[in-house]
Number of protein chains: 2
Amino acid sequence: MAETLDATDWLILAELQHDGRVPLTELARRVNLGASATTERVKRLEAAGVITGYRATVDLDRLGYPVLAVVRLKHSGSRHEPFHRLLEERAEVLECLRTTGDDCYVLKVAATSMPHLERVVNALSFFGDTNTNLVYSQTLPFRGPREP
Amino acid sequence: MAETLDATDWLILAELQHDGRVPLTELARRVNLGASATTERVKRLEAAGVITGYRATVDLDRLGYPVLAVVRLKHSGSRHEPFHRLLEERAEVLECLRTTGDDCYVLKVAATSMPHLERVVNALSFFGDTNTNLVYSQTLPFRGPREP
DNA sequence: CTTGAAAGTACCCTTTC
DNA sequence: GAAAGGGTACTTTCAAG
């Protein structure tokens with residue numbers, strides 16, 4: 001259910017996606033609005049669930065996770081709860097998409113080394129056939145959607 | 001190149017990844033540190049490139065992008081610049097991973113409708129064979145890495 | 001790393017268009 | 001209904017210990 005957003009709302013969203021810590025006064029300046037009007041719009045976007053949160057983004061390399069991989073999993077069997085429990089435990093799984101097609105799940109996995117990645121994939125293999133591809137590089141994490 | 005991070009640094013990172021807008025005083029309270037010491041650590045993490053930025057996260061549904069898909073692309077030919085130029089232009093491509101294996105690129109694409117997705121995939125198909133899977137659901141965007 | 005003071009910022013309320 | 005202005009509490013920053 002899409003909200004009714006005007007161009008200013010999209011501007012605010014673009015700014016906040018680019019820099020989630022920008023002070024409201026500075027944000028107001030950038031979107032050519034008063035401080036309180038800007039505050040109200042941001043609060044409205046948060047309350048409406050358009051803005052779901054604010055996160056710091058980190059460099060995996062510098063955190064000691066130089067290995068990134070895309071793992072596709074063809075889950076066998078119909079009981080998916082044990083698999084979901086593994087996802088909760090395994091912080092190495094940064095993201096998990098359930099998709100149509102042969103590969104029911106597409107996972108993004110960060111690991112400290114190849115042996116570490118192997119252990120994670122072994123754990124995943126318990127739930128079905130896996131297909132792993134290492135990631136050479138990725139575009140900057142943020143590519144926000146534009147006004148449709 | 002991994003930095004030397006102690007347990008407090010990892011605590012700070014966890015808090016900031018969970019709530020990037022938490023006030024420094026509150027953050028200091030949560031990690032049992034003084035405000036200035038916390039500020040210094042955060043600044044150090046930012047300066048070291050461990051923290052790469054702060055982003056607001058948005059709900060694609062509520063922004064009018066109810067369709068999410070994983071597109072795998074087998075790029076044909078060796079000149080990848082035109083493809084990268086398309087990525088710049090197409091804000092619908094939220095993420096693009098270059099990977100090993102048959103499918104050189106794995107993309108996450110948001111679209112306003114199935115016809116819209118079709119147009120994006122058509123544009124991508126110009127560069128090679130594509131394989132598209134719709135996304136049913138995804139885990140909450142944030143799954144941060146833990147202390148190794 | 002902690003404490004303390006000053007500047008800046010955010011929040012709430014009222015006023016105005 | 002939406003935006004601008006003003007007073008108060010809070011946060012951030014910088015100094016010194």
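The following exchange concerns the DNA contacts and the internal cavity of a predicted model.

Me: Which element gives the largest share of the surface near DNA strand C?

Reply: The residues around DNA strand C include Pro23(A), Leu24(A), Thr25(A) and Thr39(A), as well as Ser36(B), Ala37(B) and Arg41(B). Polar contacts to phosphate oxygens of this strand include one of 3.0 Å from a polar backbone atom of Thr25(A) and one of 2.9 Å from a polar side-chain atom of Arg41(B). Two elements, α2 (24–30) of chain A and α3 (35–47) of chain B, give two or more residues to this surface. The largest share, 3 residues, comes from α3(B).

Me: How far from a phosphate oxygen of DNA strand C does a backbone N or O atom of Gly34(B) lie?

Reply: Of the atoms of DNA strand C within 4 Å of the protein, 75% belong to sugar or phosphate. Gly34(B) is one of the residues around the strand. Its backbone N or O atom lies from a phosphate oxygen at a distance of 2.5 Å.

Me: How many charged residues are there in the lining of the largest cavity?

Reply: The largest cavity holds about 130 Å³ of space. Its lining comprises 13 residues, and those nearest its centre are Leu97(A), Lys108(A), Leu97(B), Val106(B) and Lys108(B). In both chain A and chain B, β3 (93–99) and β4 (105–111) each supply at least two lining residues. The lining divides into 9 nonpolar residues, no polar residues and, as charged residues, 4.

Terms used. Residues numbered from 1 in each chain as written. Chains lettered and ligands numbered in written order. Predicted model: local features only at pLDDT ≥ 70, side-chain atom pairs only at ≥ 80, totals over all residues. Heavy atoms only, no water. Near = heavy atom within 4 Å. Polar contact = N/O pair within 3.5 Å; in protein donor to acceptor, adjacent residues only side chain to side chain. Helix = DSSP H or I, 4+ residues; strand = E, 2+ residues; numbered from the N terminus. 1 Å grid on protein atoms, 1.4 Å probe; cavity = no way out; pocket = protein on both sides within 12 Å on 5 of 7 lines; lining within 4 Å. Points joined across faces, edges and corners; volume = space filled by probe spheres on them. Nonpolar A, V, L, I, M, F, W, Y, C, P; charged D, E, K, R; others polar.
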